[in-house]
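Subject: Handing over the structure

Hello,

Here is the structure I promised to pass on to you. Have a look at it first, and then read on for what turned up in it.

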Amino acid sequence: MEWFDKHQNEASFQHWLFVVVLIFIFTFIILIWIERINPSKKSLNLPPSPPKLPIIGHLLYLGKLPHRSFLALSERYGPIMLLHFGQTPTLIVSSARICKEIMKTHDTIFANRPNSSASRAFVGELDVGFAPYGEYWREIRKIFVTDLLTAKRRESFKFVREEEIGKMVSIIKESCSVGSDVTVNVSELVATVVRNFIPRIALGESWGRTSKYADLPKLVAQNLGTITFEDVLPSLKWLDVLTGLDKRIKDVAQTVEQFLDEVIDDHLKSRKGADEPGDFVDTLLAYQSDPASAIDLTRESLKTIILDMYVGGSDMLNTSSEWVMTEVFNHPSVMKKLQNEIREVVGTKSKLDESDIIRMDYLHCVIKETLRIRPTLALLVPRLSSASVTIEGYHIPAKTRVYVNAWAILRDPKIWDRPEEFIPERFIDSPTDFKYNNDFGFIPFGGGRRMCPAVSFATNSLEAVIANLFYWFDWKLPNDAKEKKLDTTECSGATLHKKYPVVLVPIAHTF
Ligand code: HEM
């Protein structure tokens with residue numbers, strides 16, 4: 001009897017399972033059919049789109065490295081595609097011609113940013129990166145750019161940068177003196193320079209309190225790149241709670257809040273006079289208390305703008321320095337040529353001044369070529385259309401998210417000769433520049449109104465770190481290295497990180 005009951009139960013369970021699967025398949029087919037015959041969509045000339053699944057849309061096409069998946073898709077569907085991530089319409093742009101339509105012809109329509117669960121938790125729409133296009137964004141971006149550009153501030157960056165890089169050089173020299181095959185983790189050392197340098201210029205403090213919050217920039221950048229259920233399938237947002245994603249983002253946001261509150265309170269306690277040199281927070285506080293200022297800067301706005309400087313600065317600079325080091329090391333003839341240039345320009349001074357760097361033309365080319373072949377933000381920062389618009393005859397609805405696949409454009413064979421090869425020489429005597437690039441083929445810092453406001457600051461910092469690493473030292477792989485080159489595997493995330501750190505043996509150069 002027991003045996004009969006058990007099998008009766010099993011049979012009934014299998015029966016129900018069969019019915020559930022059948023209903024599921026049936027619903028799926030109906031949804032695909034509805035999607036195909038939807039007349040409202042048929043009448044609009046929307047950009048090409050691969051077949052999509054009900055509910056999740058094209059989510060499966062994202063893959064581990066979306067910039068690579070999108071390039072493969074664009075080879076089939078063209079340089080302008082409309083995908084749906086869950087319910088979110090998303091335009092994927094993979095050619096310079098269409099990028100120009102987005103960033104120049106229709107720049108004001110695409111000058112907004114979409115937000116996400118993470119961006120709402122960290123900055124709302126109050127920082128430079130996520131503020132909607134308009135008066136408020138214009139004003140805070142102006143503060144940001146002005147602060148980065150004033151001669152006084154540039155001098156202070158130079159001084160702090162030289163000091164922090166000097167410490168890195170001393171550490172490497174020490175390890176050279178220990179033995180002939182002692183490795184250094186260059187990624188970690190560069191991260192330390194940046195971790196010390198950015199807080200000093202942004203917050204006016206060095207490795208003190210910030211050590212307690214050492215991982216914050218990385219955590220914020222990682223979480224900003226996270227897609228939650230709420231972002232793509234709002235009706236399933238309860239899954240974010242179930243998977244712990246919601247808590248993870250809230251926890252990081254709370255730590256960010258606590259950190260920035262401490263920073264602001266400390267600055268308020270020791271306010272500087274108008275003519276004393278201050279840091280970025282002082283600039284913001286001075287703006288806040290100036291009755292002639294164009295907008296009211298609340299404490300919340302202040303915090304998010306500081307976060308832009310702190311996180312944007314740290315994560316971007318670390319990642320790009322690692323890639324420069326990797327590409328240069330993996331191309332010995334480039335490394336030799338670069339070292340010759342740096343050592344020739346510095347001469348017998350036995351000190352590398354930042355003013356020397358202006359004369360290092362090949363170094364500028366190396367930085368450009370690295371950011372071409374390894375753009376730190378492979379898909380830039382997404383834009384959002386504020387009205388419907390026609391591009392190349394296609395209807396782009398309002399509120400469409402736009403990803404410009406910079407990674408694809410920067411290796412487009414129609415623009416670049418031998419695009420997969422690392423050839424800094426391509427930039428010698430070339431007018432192609434980060435800021436003035438009218439054909440939109442060279443866009444590692446984006447373009448148009450929302451282009452990165454820190455181009456010069458970022459490239460100057462990168463050049464200073466790299467020039468020192470190749471001036472003072474020759475480099476080789478550890479004796480037990482299995483490969484002859486540094487690994488170039490990429491990691492998924494908003495920023496194009498390297499999967500493995502740069503670990504090399506330094507050899508102090510004898511002058
Ligand atoms: C190698 C380093 C860097 C790269 C490759 C880079 C790249 C970018 C890109 C691609 C964008 C989006 C542009 C667009 O939508 O067209 C952007 C925006 C931005 N970047 Fe950078 N960036 C770097 C360093 C920095 C640094 C050091 C800071 C801060 C000190 C910074 C602050 C910002 C801000 C605030 C925005 C938002 C601008 C806006 O929406 O108006 N970036 N960056």
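A polar contact here is a pair of N or O atoms within 3.5 Å. Please keep in mind that this is a predicted model.

With that cut-off in hand, let's start at the ligand. W137 makes such a contact, since an N or O atom of its side chain is 3.0 Å from an oxygen atom of the ligand. Two arginines do likewise: a polar side-chain atom of R113 lies 2.8 Å from a ligand oxygen, and for R141 an N or O atom of the side chain is also 2.8 Å from an oxygen atom of the ligand.

The ligand also carries an iron atom. Which protein atom is its donor? The protein gives the iron a single donor, the SG atom of C452, at 2.4 Å. You will find C452 in the loop between α19 (406–409) and α20 (455–472).

Around the ligand there are 29 residues, and R113, R141, R383, R450 and C452 come nearest. By class, this shell has 17 nonpolar, seven polar and five charged residues. The elements α6 (135–149), α15 and α20 each supply at least two residues of the shell, and α15 gives the most, with six.

Next, the empty spaces. The second largest pocket holds about 750 Å³ of space. Its lining is made up of 31 residues, and K435, V455, S456, T459 and N460 lie nearest its centre. Which element gives the largest share of this lining? That is α20, with seven residues. Among the other elements that supply at least two residues each are α6, α7 (151–178), α17 (354–357) and α18 (361–373). The lining of this pocket divides into 14 nonpolar, seven polar and 10 charged residues.

Finally, there is one cavity of 30 Å³ or more, and the volume of the largest cavity is about 50 Å³. Its lining consists of R161, V193, V194, F197, L317, S321, S461, L462 and V465. Two or more of these residues come from each of α8 (186–202), α15 (299–329) and α20. Six of the lining residues are nonpolar, two are polar and one is charged.

If you want one element to follow through the model, try α20: this helix supplies at least two residues to the shell around the ligand, to the lining of the second largest pocket and to the lining of the largest cavity.

Enjoy exploring it, and write back whenever you like.

Best wishes

Definitions and conventions:
Residues are numbered from 1 along each chain as its sequence is written. This is a predicted model: local features need pLDDT of at least 70, side-chain atom pairs count only at pLDDT 80 or more; totals for chains, interfaces and linings use all residues. Side-chain values use heavy atoms; hydrogens and water are left out. Donors are N, O and S atoms within 2.8 Å of the metal (3.2 Å for Na, K and Ca); water is not among the atoms, so sites may look incomplete. Helices (H or I, at least four residues) and strands (E, at least two) are DSSP runs, numbered from the N terminus. On a 1 Å grid over the protein atoms alone, a cavity is a set of points where a 1.4 Å probe fits but cannot get out, and a pocket is an open set with protein on both sides within 12 Å along at least five of seven lines; lining residues have an atom within 4 Å of a point. Grid points are joined across faces, edges and corners, and a volume is the space filled by probe spheres set on the points. Ala, Val, Leu, Ile, Met, Phe, Trp, Tyr, Cys and Pro count as nonpolar, Asp, Glu, Lys and Arg as charged, and the others, Gly among them, as polar. A residue is near a molecule or strand if one of its heavy atoms lies within 4 Å of it. A polar contact is a pair of N or O atoms within 3.5 Å; within protein, one must be able to donate a hydrogen and the other to accept it, and residues adjacent in sequence count only if both atoms are side-chain atoms.
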